[in-house]
Number of protein chains: 2
Amino acid sequence: MHETAAATHDEVRLGALANSLGFLLRLAQLTNFSDFYAAFDGTGIRPGEISVLMLIGENPGIRQGVLARRLMIKRAHMAKMIAAMEADGLVEKSVPEADRRGVELRLTPKGRARVAQAQPIFARLDAVSHRGLTPREEQELKRLLRKYLEIDSQSDGREAQP
Amino acid sequence: MHETAAATHDEVRLGALANSLGFLLRLAQLTNFSDFYAAFDGTGIRPGEISVLMLIGENPGIRQGVLARRLMIKRAHMAKMIAAMEADGLVEKSVPEADRRGVELRLTPKGRARVAQAQPIFARLDAVSHRGLTPREEQELKRLLRKYLEIDSQSDGREAQP
DNA sequence: GGAATTTTGTTTCCAAGTAGACAAAATAGA
DNA sequence: TCTATTTTGTCTACTTGGAAACAAAATTCC
């Protein structure tokens with residue numbers, strides 16, 4: 001029996017979307033997230049939480065607005081995340097004398113322990129999440145994404161030391 | 001005056017995250033989305049809506065479960081999106097005789113008009129969203145993402161014709 | 001043929017994230 | 001000084017998406 005135009009066998013024509021950067025990025029991110037959740041299964045660690053903790057660990061005293069801008073999420077949402085993490089004892093806030101509007105963030109020992117717990121899982125995930133790509137291609141993919149995002153891979157955004 | 005360890009000037013050290021595929025994909029997707037919203041400003045067209053409409057247009061009669069799987073969203077959410085689009089008169093459902101559990105989707109004339117309206121904006125967006133990349137690099141980025149996703153760029157997921 | 005299982009879509013409730021208004025503190029401008 | 005603007009974080013809705021339970025139809029297994 002001949003097939004009609006209706007899609008069968010889960011085969012889906014993507015048409016113009018197959019060449020859309022946004023569409024490809026969205027699917028790639030969802031794919032990677034599912035790898036993340038598989039790797040961190042049972043730990044209760046989520047992508048948003050661990051990336052915030054890692055950035056605070058790398059940048060002690062960072063302001064939450066700066067963190068929100070770098071992670072491209074809204075300050076309102078960052079406020080909620082930080083409040084929850086503070087309630088969990090992962091992060092501590094301090095109000096700097098120089099500008100009492102702001103809040104400086106630092107990891108507590110428990111927060112540092114959480115990052116340390118995640119580190120090996122994170123490393124293993126990154127070593128296995130290649131999917132169809134060769135290691136060489138994955139490096140190239142990351143390089144292109146960093147260039148797209150205008151992230152300087154070596155300096156990690158650190159200021160030059162005079 | 002010498003700086004403390006606290007991050008100033010919005011400079012944020014990314015540390016290990018700068019080499020994390022998931023982190024880079026997330027930021028890239030958010031960046032691209034903001035380009036999308038800028039390009040489609042005023043039209044009321046959102047990424048999820050237009051991608052669903054385009055896929056239905058390319059695959060008349062597609063089942064909503066198949067669509068959900070391809071877009072990597074949950075059937076529950078797809079049901080809500082389709083219900084809203086049907087209420088807007090963009091999509092029509094029909095129950096196939098062969099399997100009365102399922103629902104086949106097709107665009108209405110209004111749905112086709114919406115896709116036609118989006119097409120030039122979409123094309124222009126795709127031509128301008130390069131950011132730091134050269135056109136050559138953007139093509140390579142898309143190729144790597146398709147390979148990561150195991151999407152066959154030429155066939156668009158279409159079955160081979162015997 | 002008829003009960004168990006699976007598939008498909010839906011419904012309800014919950015979590016993640018955004019939008020916009022707000023208050024407090026800092027800064028700019030006369 | 002002292003008002004006006006800006007910056008920073010927060011609060012209250014609202015939107016988007018997922019988890020789990022459910023119903024109806026199809027399929028499997030005897």
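**Chat about two protein chains and DNA strand D**

Modeller: Let's start at the DNA: a polar backbone atom of A:V103 sits 3.3 Å from a phosphate oxygen of DNA strand D. Keep in mind that this is a predicted model.

Colleague: OK, and what about A:R63, how far is a polar side-chain atom of it from a phosphate oxygen of DNA strand D?

Modeller: That distance is 3.3 Å, and for A:R63 the atom is in the side chain.

Colleague: What does B:K74 do there, and which of its atoms lies by a phosphate oxygen of DNA strand D?

Modeller: For B:K74, a backbone N or O atom lies 3.2 Å from a phosphate oxygen of DNA strand D.

Colleague: How many residues surround DNA strand D, and which are the closest?

Modeller: There are 21 residues around DNA strand D, and the closest are A:Q64, A:G65, B:R46, B:H77 and B:K80. By class, that surface has eleven charged, six nonpolar and four polar residues.

Colleague: Which helix gives the most to the surface near DNA strand D?

Modeller: α4(A) does, with four residues. At least two residues each come from α3 and α4 (75-87) of chain A and from α4 (75-87) of chain B.

Colleague: And on the DNA side, what share of the atoms within 4 Å of the protein belong to sugar or phosphate?

Modeller: Sugar or phosphate accounts for 64% of those atoms of DNA strand D, and the rest belong to bases.

Colleague: Switching topic: how many residues does each of chain A and chain B put into their contact?

Modeller: Chain A puts in 72 residues and chain B puts in 71. About 7,300 Å² is buried between the two chains, and carbon and sulfur atoms give 63% of that area.

Colleague: How many salt bridges are there between chain A and chain B?

Modeller: The count is six. One pairs A:K147 with B:E137, where the closest N and O atoms are 2.8 Å apart.

Colleague: And how many residue pairs are in polar contact across that interface?

Modeller: The rule finds 13 such pairs between chain A and chain B, with both residues at pLDDT 80 or more.

Colleague: Which helices of chain A supply at least two residues each to the side that touches chain B?

Modeller: Those are α1 (21-39), α2 (47-58), α3 (64-71), α5 (109-128) and α6 (135-149). The largest share, 14 residues, comes from α1(A).

Colleague: Last one: how do the residues on that side of chain A divide by class?

Modeller: The side of chain A that touches chain B has 32 nonpolar, 22 charged and 18 polar residues.

Definitions and conventions:
Residues are numbered from 1 along each chain as its sequence is written. Chains are lettered from A and ligands numbered from 1 in the order in which they are written. This is a predicted model: local features need pLDDT of at least 70, side-chain atom pairs count only at pLDDT 80 or more; totals for chains, interfaces and linings use all residues. Side-chain values use heavy atoms; hydrogens and water are left out. Contact means heavy atoms within 4.5 Å. Buried area is the accessible area (1.4 Å probe) that two parts lose on being put together, summed over both. A salt bridge is a side-chain nitrogen of Lys or Arg within 4 Å of a carboxyl oxygen of Asp or Glu. A polar contact is a pair of N or O atoms within 3.5 Å; within protein, one must be able to donate a hydrogen and the other to accept it, and residues adjacent in sequence count only if both atoms are side-chain atoms. Ala, Val, Leu, Ile, Met, Phe, Trp, Tyr, Cys and Pro count as nonpolar, Asp, Glu, Lys and Arg as charged, and the others, Gly among them, as polar. A residue is near a molecule or strand if one of its heavy atoms lies within 4 Å of it.
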